[in-house]
Amino acid sequence: MHGLGRTRTFRWAGAPRWAVGAALAGVLVALSGCGGADGGGKSPGPVSSAAATAAVGGSGSGTGTGTGSGSGNGSDGASPGAGPGGLAQLPGQTFYVSDQTNAARQVTALRGQGRTAEADTLLRIAAQPSSQWLGEQGAKQIAEQVSRRAAEAGRTAVFVAYDIPHRDCGQYSAGGASDAAAYRAWITDVAQALGDRKAWVVLEPDAVAHTLDTCGIKGDLAAERYGLLAFAVQELKKRPNVRVYLDAGNPGWSQDPEELAAALRKAGIAAADGFAVNVANFYDTDRNAAYGARLSAALGGKRFVIDTSRSGNGALGGDSWCNPPGRALGERPTAETGRPGVDAYLWIKNPGESDGDCGRGEPRAGEFWLPYALGLAQAAR
């Protein structure tokens, strides 16, 4: 991903820790196409290497090693059916595939080094839609350019809004807007930047759940946060073609559905299109669907989306939340899930980007990590 270094370490009693990472460093230099979104198609699992190769026509766009945000400009028209950034939008996709993701840049670098087999494997990630994270820096400009590129390609961009004050409880992804007024101005800018273009927005990972755990967002701070989230929903929903999903944790963050539903109501869920589960985590789709269904029932039937980016082999268990080994890509992004109440599978966490330095020499949160990315792709069914 291009930005927002984000990792989650807090947990409720008995709940595995989880990662929510993405970084904003260097995103502005890649603005000519740094985007992401999710894509359609009913088939689970990654696209075949042959189809992925066809998607990019054997060529790449932009420059950089893929170990960070990188920089570069898209080379338009790289292949038949290509979007403005050079990557083809495969048949059946709903969501936008950007050629400016870290995975796409790494494919280019690998091809330039003659490492064709690794490039073909990595295309299982690069040729699929993923989300564009928006944080403190340049969010309005990024949102406008990415949503515009997606519209030109006839696709829908997917964004993650991640700038809430007191973000991440001061942990790996600490930061966010300086105060309530700054956040309201920030989210208003983002909403205005989207205009009348189609976009899906996952709103503030962890923001609601952290008001219910040991984070310390309590009392007046919690009330302020709920108000800001409700304001964000209202501002985004003023745009005619924007869908909004409030983050609602994951199945391992053991919480009372009624308590979480009450918090989501305070945060404006009634005006939102639904909620998101499993952001940056590894739980399998069946477990997420069951978790989401219970929460949906507590919310009067609200619909939801599932982050399937790394759920192919499910969660490792215990406290293995940070770059756990043996994981795999999950179901490809699609708006045709075949599951009641589930609006889409999305790759909200960009596969291959680190959850953080877990003490084993991994890159910091949000940086692309080629060995891990290849492992996710190779393990996918």
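**Notebook: helix packing, cores and a buried serine**

I began with two helices. H4 (residues 139-152) and H5 (residues 180-194) pack at an angle of about 20 degrees, and their axes are 8 Å apart. I note here that this is a predicted model. Angles under 35 degrees count as roughly parallel. H4 and H5 are therefore roughly parallel to each other. I also looked up the handedness: H4 passes H5 in a right-handed crossing.

Next I listed who makes the contact. From H4 come Ala 139, Lys 140, Ala 143, Glu 144 and Ser 147. From H5 come Trp 186, Asp 189, Val 190, Gln 192, Ala 193 and Leu 194. I sorted the contact of H4 with H5 by class: six residues are nonpolar, two are polar and three are charged.

**The cores**

I then turned to the largest nonpolar core, which has 58 residues. Which members touch the most others? I found Phe 159, Tyr 183, Leu 203, Leu 236 and Leu 264. H5 turned up again here, since it gives the most to this core, with eight residues.

I followed Leu 236 further. I left aside its neighbours within four places in sequence. Its contacts are then Ile 187, Val 190, Ala 191, Leu 194, Val 201, Leu 203, Val 242 and Val 244. Val 190 and Leu 194 were already on my list for the contact of H5 with H4.

Another core lies apart from the 58-residue one. This other core has 22 residues, among them Ala 103, Phe 282, Leu 374 and Leu 376.

**Helix H2**

Ala 103 took me to H2 (residues 102-112). I asked how many of its 11 residues are buried. The count is eight, and I wrote the helix down as mostly covered. The buried ones are Asn 102, Ala 103, Ala 104, Arg 105, Gln 106, Val 107, Ala 109 and Leu 110. They pack against helix H3 (116-126) and helix H9 (370-379). I checked what comes just after H2: Gly 114 takes a positive phi of about 75 degrees.

**Ser 311**

My last stop was a loop. Ser 311 is found between strand S6 (303-307) and strand S7 (342-346). Is Ser 311 buried or exposed? Its relative accessibility is 3%. Buried means under 20%, so Ser 311 counts as buried.

I looked up what Ser 311 touches, not counting residues up to four places away in sequence. The list has Asn 278, Phe 282, Tyr 283, Asp 284 and Thr 285, and also Ala 328, Leu 329, Gly 330 and Glu 331. Phe 282 I had already met, in the core of 22 residues.

Key: Residues are numbered from 1 along each chain as its sequence is written. This is a predicted model: local features need pLDDT of at least 70, side-chain atom pairs count only at pLDDT 80 or more; totals for chains, interfaces and linings use all residues. Side-chain values use heavy atoms; hydrogens and water are left out. Axes are lines fitted to C-alpha atoms, for helices over the stretch in contact, and angles run from 0 to 180 degrees between N-to-C directions. Helices (H or I, at least four residues) and strands (E, at least two) are DSSP runs, numbered from the N terminus. Angles under 35 degrees count as roughly parallel, over 145 as roughly antiparallel, 65 to 115 as roughly perpendicular and the rest as oblique. A crossing is left-handed if the near helix is turned anticlockwise from the far one by less than a right angle, and right-handed if clockwise. Contact means heavy atoms within 4.5 Å. Ala, Val, Leu, Ile, Met, Phe, Trp, Tyr, Cys and Pro count as nonpolar, Asp, Glu, Lys and Arg as charged, and the others, Gly among them, as polar. Buried means under 20% relative accessible area, exposed over 50%, partly exposed in between (1.4 Å probe, protein chains only). A nonpolar core is a set of buried Ala, Val, Leu, Ile, Met, Phe, Trp, Tyr and Cys residues joined through side-chain atoms within 4.5 Å.
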